[in-house]
Every structure is written in structure tokens, then in C-alpha cells.
Amino acid sequence: MVWTGTWVAERLGVELIGDEELPALLGLALRRNPKRAHLLVSSVLGKHVPQRPSVVYGSGLDLGRRVRALLGDEEAARSVVLGYAETATALGHAVADGLGPAPYLHSTRRPVAGVARAGGFEESHSHATSHLLLPEDPKLLAGDGPLVLVDDEFSTGNTVLNTVRALHERYPRDRYVVVALVDMRSPADLHRLDAFASEIGARVDLIAGAAGTVRLPDGVLEKGQALVAQHEAAGSGVPVPVRPVEAPAPVRIELRWPEGIPDGGRHGFTPEHRTALEAALPGMAADIAEALRTSAKEQPTAPGPPPPAEPRVLVLGFEELMYAPLRLGTALEDAGHDVRYSTTTRSPVLAVDDPGYAIRTRLVFPAHDDPADGPGERYAYNVAGAGFDAVVAVVDSTADTPALHAPDGLLAQLTAHVPRVVLAVVPSYTPQVSDSEAPERSSMLPEPLRGPAFSSYAPEEVGWLLQDLSDVELEAPTEEREEAIQSGGAHYAESLPVEYQPSARYQELFHTALEGSAARIARAVGTVTETVLAERPGRAPVLVSLARAGTPVGVLMRRWAQARHGLDLPHYAVSIVRGRGIDANALRWLAAHHDPADVVFVDGWTGKGAITRELAEAIRAFEATEGIKGFDPEIAVLADPGSCVRTYGTREDFLIPSACLNSTVSGLISRTVLRADLVGPDDFHGAKFYRELAGADVSNDFLDAVAARFDEVTGTVDTDVKELLAADRTPTWEGWAAVERISEEYGIHDVNLVKPGVGETTRVLLRRVPWKILAKRGADADLAHVRLLAEQRGVPVEVVDELPYSCVGLIHPQYTRGATGADGKAVVSQ
């Protein structure tokens, strides 16, 4: 038999190395994913490859029995099993069954109103990263017995380490057991589990069905992406319906699911639940068998040989709903039926109809359970063309929506390729929530926006807690905006400036500045990141950057933590608006998905400290009105020339190239928008994604150039951090004092029109109507782009002494004659 990894191995040079049974357990396919080229496709998991239910369930049971033998009966009775959505929900449940007396919980990507969140974590390599833990019993994870974590594969260990780190802080215990079908860690990752166990002071054991590793040649990601693009353009793996007769409508049955028994482990599943389900399985299997017989009678007679006496049946589960259809499949198999089992998935994978490739065909259909992260494609693999006589599609009642029955929905796709389709509906379990508990407003909010659908950053780099206003006309001429802002007619966040398009000369200055300052920025990134980690020992920070200047810095901090410590830190971008505060809905979402005490707010630089003060006041107001506490209003910044914060990479006012441009260095995202007719009380603030500027985008060039210098600055960073942690970092607010002095000295009498520092001065020249620029004598090295912009806009540059910043940008007060417009000409007085 041909190994189902041969096609990928021959074209990409990928090698599977390890236990001799690995090729029988794993095939290879290609992902549509910007971070990993290959996908290990399990033949015994029941996700992508249909398999006998007894084989799938038995694999989990065997692992559970091994865990029980490791722990002993007494510790097994005190343990809790946690599985991962979506792939390992049934595997984890089967492990819990094999373990015996343990309750089971799996993570979920489906928020449920009114259910308190007991934890959450990120899966960085995934297409959909945020996991929620929503047990009905809040004490389920609070015991001190062993916690057994179950995933389908243990590849780098990052997901498990992120989970344990997050849960250990909240629910510390002495022992963890990690379980996987296959342990595929690289040699570089093998030591990390032991080191992590020592770090948290707990025992961590690992049990796997087989072990090995994947050897990836250089350039495999780029080659894999090219192969995917080539074959998708050719339509490979997209089957064409070949039904000789009109397909009958699906037969729908309501399963006699035991009352009060959860449909899975999303909210917890106890041994008592298991006993009740076991008793009901034979009757439900009989109902399905009767429905299959009914559908056979209704099927039109087709030419050719008669249908087989014992039809080949696929029980098809739905995303996280894996255990219920698996157990229905085992019950059908026990009754003598020829059954296979698999489930639909969110995971986008290339399909190639070749016996040496693990994913032969792909059915594509829209999501049908109103997912929190919005609509999108879903997939069923290896169903079409696999010779099934009937499919039993099992969904929960939440997913039994018009989209399921639509002309392009899952049922229509199945009936086009399989003679008979039975729809079996399991009632969605409703947790018992006290009447006094109101549904959290955060449960009504969507999941973060991610690239490439929103921003040019990779999806794992940042999740944007914003709403997409890309189709709304928000730009206004610079002069009109300035007049409206200064007259009080409109707030600056109610419109957007027209995006500045840099000249060739200015772009050249940007690249020159990036080349000259990349190591300096890398040093500041490392210093601020190491300071954040040192001040939170044993905790994994959640980086929350203030969009948009903070976002590139947050991405770089995340990259540093990953490169230096192997940490996959969650990173989000939120909106804060001067005079209006931070997005309260974003804070609600963060509080529902993470411990507020883990949140670290990130910005690019400080000027006079206005945003620092704004955030502190906004957090105080949020705590008073919402009763949600724990958010620390301290901001971590790359540069703090105004001496406004305690956590910074440097207090020098130097050129940060990401300040030189607008959206084209910030993932093609606009500054944020807050306008009553566009942003309701339960909406995130808005922003635009300038897809049309992709040709000028240097966002990832900036990130890559800085990250490439990480290794050379690590020694200097360690010294800087040691000195910083021992120093008095109390903010002096000298920047604010200087701004007040300049405001009075130049007759402006409004600190909001004085923009100190290289970054803020650049913003004045790019987005506002400037009056003049104050440049510190001797600071020319960081001001070449400022002088060029000033020259292009006809703005005078005045060299001054005793300036605490490299430069200061002044917006002309009252927008009077003499202010310079975007065309470089004086503006007529309003």
C-alpha cells in the first residue's frame, strides 16, 4: 500500500522519522496556512480521514488506560481530563473514558452567554487561535489532583505549555500528564517540557501512542505555499457531482438523547453522564439504522447493479461535536453495520486526488452554527468519491440552521455525492446558569479580526479588537479636519486623514533609517520585553497594543518572547481615543478571555504622556462602571522620552522608522474611528484596511529587519535589563512640563497642539496642519525625514537649545493665517 505522505515527501523533501508504526498512523498534506506548510494527517483520529469508530475510540481508550496505570487508581480518581478544540475533543473524551472516574472538559471556540470563563489560551499555529474554558461547574478545574491534557499531536509543545502556564497560575497543582496520539517534537523542543516542569515546580509526564519527528528542508514553507497556489488554481481535489439520478432529500431524525446529558465536554462531562449515555446508545443507534432503511426505500432506482445488502455508512460529526457522533458510530458498529467516522472542520487543507496524499477530496460549504468569529468556509475531507452508500450527518441543534440546509450548505454538498443522507440532531446542552447571572456583553462581541482578511500581518501576530469599516468613506481633507477639530465641530476620531503617499525620496529615507536603526530598535524591543517578563515571573503576559502605533511594537515584543523564551504570547490591538478613553467593549472581551492581571498595554512611544493619563483614567472608570478589576493601566513602550512610564526600552528620543509612515508600516490599518452613527454601544471601535495600498506596504519588512538583529543584541539587552530593574524608574513627567512651557512661550496656550518627540512630530507633518517644527541642536541624525517632510509642506524648522526632545511639532492655534496646509501653502484664516 502506498504511504499517504509520499506525494508531499517527494515534492518538498519532508521526512517522517521515528517509530516504525508512524507511517500507518500519519499521512501528509499541505496546509493553507502562512506559518506551517505541512499537515500531519492522522488515520486514527477520525477528523480528516474516515476510520472505523472502534479504531478511533479504541486509540483514546488505550491512552486513557496507560494514564491510569501511570497515576494509579487513587490519583486517577482525583484527576481531570482536558481536551483541545476542535481536533481532540473526542480523543480527550475517549482518554477520560479509559481513565475511568475522571470528569472531562474540552476547550471551545464557541462563547456561551452566561457561562463564566475559567481560563483561556492561544494556539499560535492555528487558523483560529482563541480557546475558551467554559465549565458549568466553576470548581471543575479548581482541585489539586492531576490534570491530564489531551491533543492529537505534540509538535512543538507550545500549546500545552501555554495552557499549563495559564492554568497553573490560577489553579496550581503538583502533577500534569500530557497525552497525544503522536509525539513529533524536534530535538530542539525535547528538553523544554522538563525545563518547564522545573520552572513551575510540578511533575509533567508525557504519554504518546508513537514518537518521531518531521524533518523539514530549508525553504519548505515557501515551496509548500507555491504548491498550494498551483494546485488550487487548477481546482485539484474539488469533486464534481456525478449522481446518475436526482438525489432524495435528507431524512431528518431527532435523536432520543438522554435528558440532562451534555452533547459533549464543552461545559464538562462527568462519569455519571457517561453511564447514562452508554445506556441510551443502543436505542439511538437503532433509530439511525431505521432512518437508513427508510432512506433506502425512498431512493430512486438507479441503473446498474443493485445496492449492497449492507451499505457502507459514514457517520459525519461537526467540528467540536466529535464525541457524540463517534459513540453513535461505535453503537452502529456494535450492531453489525459497516461504519466509518470522520467530522467536518474549520481547517483549510489542499486536496489532491492521489493515493500518496492524505486528503483526496474536499467539500466546501459555509459555516452553519453562527460562529462568534463570523461567517467562513468549512470543509469535509475524503467524503466525496470514497464509495459511501449513506452518510449520517450529526449536528447539535445550535448548528441546525438555514445555512445547513441552504443550496450551498453541507447537506446539499453531501446529497450531491452520496446516495443517502440522514441528518441526526443532538440537542445542544444548556448549562444551568443562576437567574442572577446576566449574559456577559462580551459574548455578543465577535472574535478578533486577523490577517489576511484584515491587515497584512500574519493571523498569529495580532488579533484586532476592532470592527472593519473599510467600505465606509471616512477620509476628509487635512485642512477641513483641522478646522473641525479646533473649532469643536468634530472630534479627531470621527474622520480619517487622507493617507499620505510618500515620494520616492521619502521612501528611500525610510529604508535608510530602518537599516541604520534596526539594531537600536531591536535592543529597545528586547529590553522592554525582558522587563515585562521579569516583572511577572511565572506568568505569560497578554500583550494588548494601542492601535495603531503600538501594534508593530507588540508584534516585535511577541517575536522576541518567542525567539528568546519559546513563548507564544497572545497579542491584540485595541483602540484608545484621547478624550473618549479606551474601547470598553474590547476590555470586556479581554476580561472574558484572559485574566485582566495578565494584560500588558503596549504603545510605541510617549510624547507628553497624554495617552498614559487617558488610559489610567479610562481603566478607573471601567472598573467603577463594570466592576471588573485587575487591568494595570501602566503602558510598556519602546521609547519614553517624556519620562511618563516605568516600563520602556529606552528614554532616548530617537527615530523609530515605524513612525515615519502611516498604514503602510502598520499592517495597512488606519487609525481608529469612533463615531456614534458607526459605532454602537455594543460595538468595537472601527478602522479601515487599506488593501489597495498593498504595493507600498513595508509592514513586514520593518518587522523582519528588526527581528533579524535580535541575536546580536541579546548580551546588551541582558545588561540593560539588569540595570533598569535596579534603577529608580519612577516617571518624572519632565516631558509634560516642557510641553506646558513651550505652549506658553509660543503663545499657543493649548498643550494638545504641542506634539513632542520624533514620532509625534512626524504625525503632525503627515496628518495635521503644522505651524512650525522645533529641532534640538545637534539632533540631525534622527531628523532627516522630518526635514524632508517640512520642506515638502513649506513648514519652517527652528533650531533651539535646551529641548528635552529631538524635535517638537507645533500645530498652529485657532487654525489662523500662517498655518501650512497639506499642499505646502498658507491656509486662509477660518
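**Exercise 1.** In what order do the 5 strands of the open sheet with β11 and β13 stand, and is the pairing parallel or mixed?

*Solution.* Keep in mind that this is a predicted model.
- Step 1: Trace the sheet across, and you get β11-β17-β16-β12-β13, with parallel pairing.
- Step 2: Look at the ends. β11 (251–254) and β13 (338–344) each have a single partner strand, so one side of each has no neighbour in the sheet.
- Step 3: Check how the strands turn. From one strand to the next, the twist averages 20 degrees.
- Step 4: Zoom in on one edge. β11 runs parallel to β17 (residues 420–426), and 4 bridges join the two. Here you'll find E254 opposite V425 of β17.

**Exercise 2.** Now try the open sheet of 6 strands: work out its strand order and its edges.

*Solution.*
- Step 1: The order reads β1-β10-β9-β8-β4-β5, and this time the pairing is mixed.
- Step 2: β1 (15–18) and β5 (104–106) sit at the edges; each pairs with a single strand, so one side of each is left free of neighbours in the sheet.
- Step 3: The average twist from one strand to the next is 25 degrees.
- Step 4: At the β1 edge, 4 bridges link β1 with β10 (residues 203–215) in the antiparallel sense. Spot G18, which faces G212 in β10.

**Exercise 3.** How do the axes of α15 and α19 cross, and which residues make the contact?

*Solution.*
- Step 1: Find α15 (residues 550–565) and α19 (residues 710–726); their axes come within 12 Å and cross at roughly 90 degrees.
- Step 2: Angles of 65 to 115 degrees count as roughly perpendicular, and α15 and α19 are therefore roughly perpendicular to each other.
- Step 3: List who touches whom. α15 brings L556, R559, W560 and R564, while α19 brings F710, V713, T714, V717 and D718.
- Step 4: Sort them by class, and you have 5 nonpolar, 1 polar and 3 charged residues.

**Exercise 4.** Which residues of helix α22 are buried, and what follows the helix?

*Solution.*
- Step 1: Buried means under 20% relative accessible area. In α22 (residues 784–793), that picks out H785, V786, L788, L789, A790 and R793.
- Step 2: Move one step past the helix, and you meet G794, with a positive phi near 65 degrees.

**Exercise 5.** Step back and describe the whole protein in numbers.

*Solution.*
- Step 1: Count the elements: 22 helices and 32 strands.
- Step 2: Of the 830 residues, 60% are buried.
- Step 3: Turn to the surface. About 31200 Å² is exposed, with carbon and sulfur atoms supplying 51% of it.

Conventions. Residues numbered from 1 in each chain as written. Predicted model: local features only at pLDDT ≥ 70, side-chain atom pairs only at ≥ 80, totals over all residues. Heavy atoms only, no water. Buried < 20%, exposed > 50% of the residue type's maximum accessible area, 1.4 Å probe, protein only. Areas by Shrake-Rupley, 256 points an atom, 1.4 Å probe, with all protein chains shown as cover. Pairing = 2+ DSSP bridges. Axes fitted to C-alpha atoms, helices over the stretch in contact; angles between N-to-C directions. Parallel < 35°, antiparallel > 145°, perpendicular 65-115°, else oblique. Contact = heavy atoms within 4.5 Å. Nonpolar A, V, L, I, M, F, W, Y, C, P; charged D, E, K, R; others polar.
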